[in-house]
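Student: I'd like to learn how to read a contact between two chains. Can we go through one together?

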Amino acid sequence: MKRKVSAVSKSADEIVYGLKREYLEKICAEGSRIDGRKFDEIRTAVVNTNFVPRAEGSAEVRLGDTRVLVGIKIEQGEPFPDTPNSGILTTNAELLPMASPTFESGPPGEDAIELARVVDRGIRESKMIDLDKLVIKEGEKVWVVFIDMHILDYDGNLIDACSLGAVAALLEAKVPASKIGAEDFQLPINHIPINVTFAKIGNTLLADPNLEEEEVASARLSVATNENGDVVAMQKGLGGSITKEELFSAVDTSIKVGKDIRKRVLGK
Amino acid sequence: MIELGTQSDIKLINEDGLRIDGRKFNELRPIRIEVGVLNRADGSAYIEWGGNKVLVAVYGPREAFPKHTQNPSRAIINARYNMAAFSVDERKRPGPDRRAVEISKVIGEALECAVFTEQFPRTSIDVYIEVLQADAGTRIAGLTAASVALVDAGIPMKDLVVGCASGKIDGKVVLDLNKEEDNFGQADLPMAIIPRTQEIVLLQMDGNMTRDELEEAVELSKKAAMYISDLQKEALLAKYKASESEKEGERSE
């Protein structure tokens, strides 16, 4: 249930929001962030794989105080008629009410749908998983890879936390081929995409925004790159704009931070 | 119908550097915009862009409903992108799917960048985008027509919003992908700007591009958007001229 807010208290909220925004814009203009990070510095990322052994792959990610859990299930299914020689990838996100007072239970809203689709795009477009190797019987049976992302604690930047969790979980996922009388095998992986999201506050782009930064941001930009430094997916969000210069500074930072995460967090 | 295959099976650019529909790498498909095509809506527009046919209606600003969606300091923009069941080769199940929800969201956010929403607190501006026939690039066609429909509805804006997609086919950066190029190409980059300030208000990308290719694509899209913006203005002017001459006619009677 949404908390009922009277007109008066809502305008008080508006005032606090305005003050917060002014303050964050001011310190950004002076070159600093509310938690002391550099503009291109992400929060500490901790990945804990095999958190749910019953799943075919799983990863718990803490990105600062944001915490998500990603589970991979791999099951047999029918291929899509237009791709008979290809496995299937499907991605879903649940903004659990336990993660924030602003999340409600019920079917996925547009935020959850956008989150799942942006994470999916990075993985799909980078061709991370070799879906062609997931065919059991051409045109009839293929492996379906389900990525389910549960948001447990929300302190901003779900896109990067979920992307990282999904990638980490896929890297360790095993296809349960013993169920059909073959041997289990490691999910075939070609590439490792890393997504880096930025919030625009005033005229500054901040990598990996926390909740306070996210709340006052005018625009959001996510850039996913692969290990070659190619861009594989992008998404601009929120009702503000970005300049071309900001776009390319984000691309450069994403390439740089992506390399760092691949090496330092995933050990790849 | 095209036989399914992998990228390498299909040649999208021929020896002369021309694309399957005969266009050059930086050439747009034909675009036609019409303003004020619906009677009941507060504003409306129709766009034909290559094989795309998209109709847009704007209602509002009107009281936002349900009430908890109201924002006390500004109008909300409620964009709804919808594909007709018959708009694509294989019938699309009616109603919003996840793709439509996402596209509606990014279109609404792009329009929000241009509309002076703070002038209409507690209201919603509803933008209904119906894709009657789809041929790749529907979200940008819809957004381009939507901003014209907003002007037609008399809603104050800092400028029109206009866009164009670019992408990569056969390893080459090209403007305005058609259906086959979108299906078998290597990257797609829908982008929209506010021409006056050159701000980017919608940006999505999927596929694979190097940084240099991306820069080339953004530049192509930007140039095309500036040109399409002129078409938007011509369309608005055409409606204004038509209503002026109608008035002239009444006066002389």
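Tutor: Let's take the interface as a whole, then a strand pair, then a helix pair. This is a predicted model, where local features need pLDDT of at least 70, side-chain atom pairs count only at pLDDT 80 or more, and totals for chains, interfaces and linings use all residues. Residues are numbered from 1 along each chain as its sequence is written, while chains are lettered from A and ligands numbered from 1 in the order in which they are written.

Student: How many residues does each chain put into the contact?

Tutor: Two residues are in contact if their C-beta atoms, placed from the backbone, lie within 7 Å. Here chain A supplies 30 residues and chain B supplies 28. On the chain A side, strand 12 (231–237) is among the elements giving two or more residues, and strand 12 of chain A gives the most, with 7 residues. Helices (H or I, at least four residues) and strands (E, at least two) are DSSP runs, numbered from the N terminus.

Student: What does strand 12 of chain A pair with?

Tutor: Strands pair if DSSP finds at least two bridges between them. Strand 12 of chain A pairs with strand 11 (residues 199–209) of chain B, antiparallel, over 4 bridges; A:Val231 has B:Met209 as its bridge partner.

Student: And the helices: at what angle do helix 2 of chain A and helix 1 of chain B cross?

Tutor: Axes are lines fitted to C-alpha atoms, for helices over the stretch in contact, with angles from 0 to 180 degrees between N-to-C directions. Helix 2 (residues 110–125) of chain A and helix 1 (residues 98–112) of chain B cross at roughly 105°, their axes coming within 9 Å. So the two helices are roughly perpendicular (65 to 115 degrees).

Methods
Angles under 35 degrees count as roughly parallel, over 145 as roughly antiparallel, 65 to 115 as roughly perpendicular and the rest as oblique.
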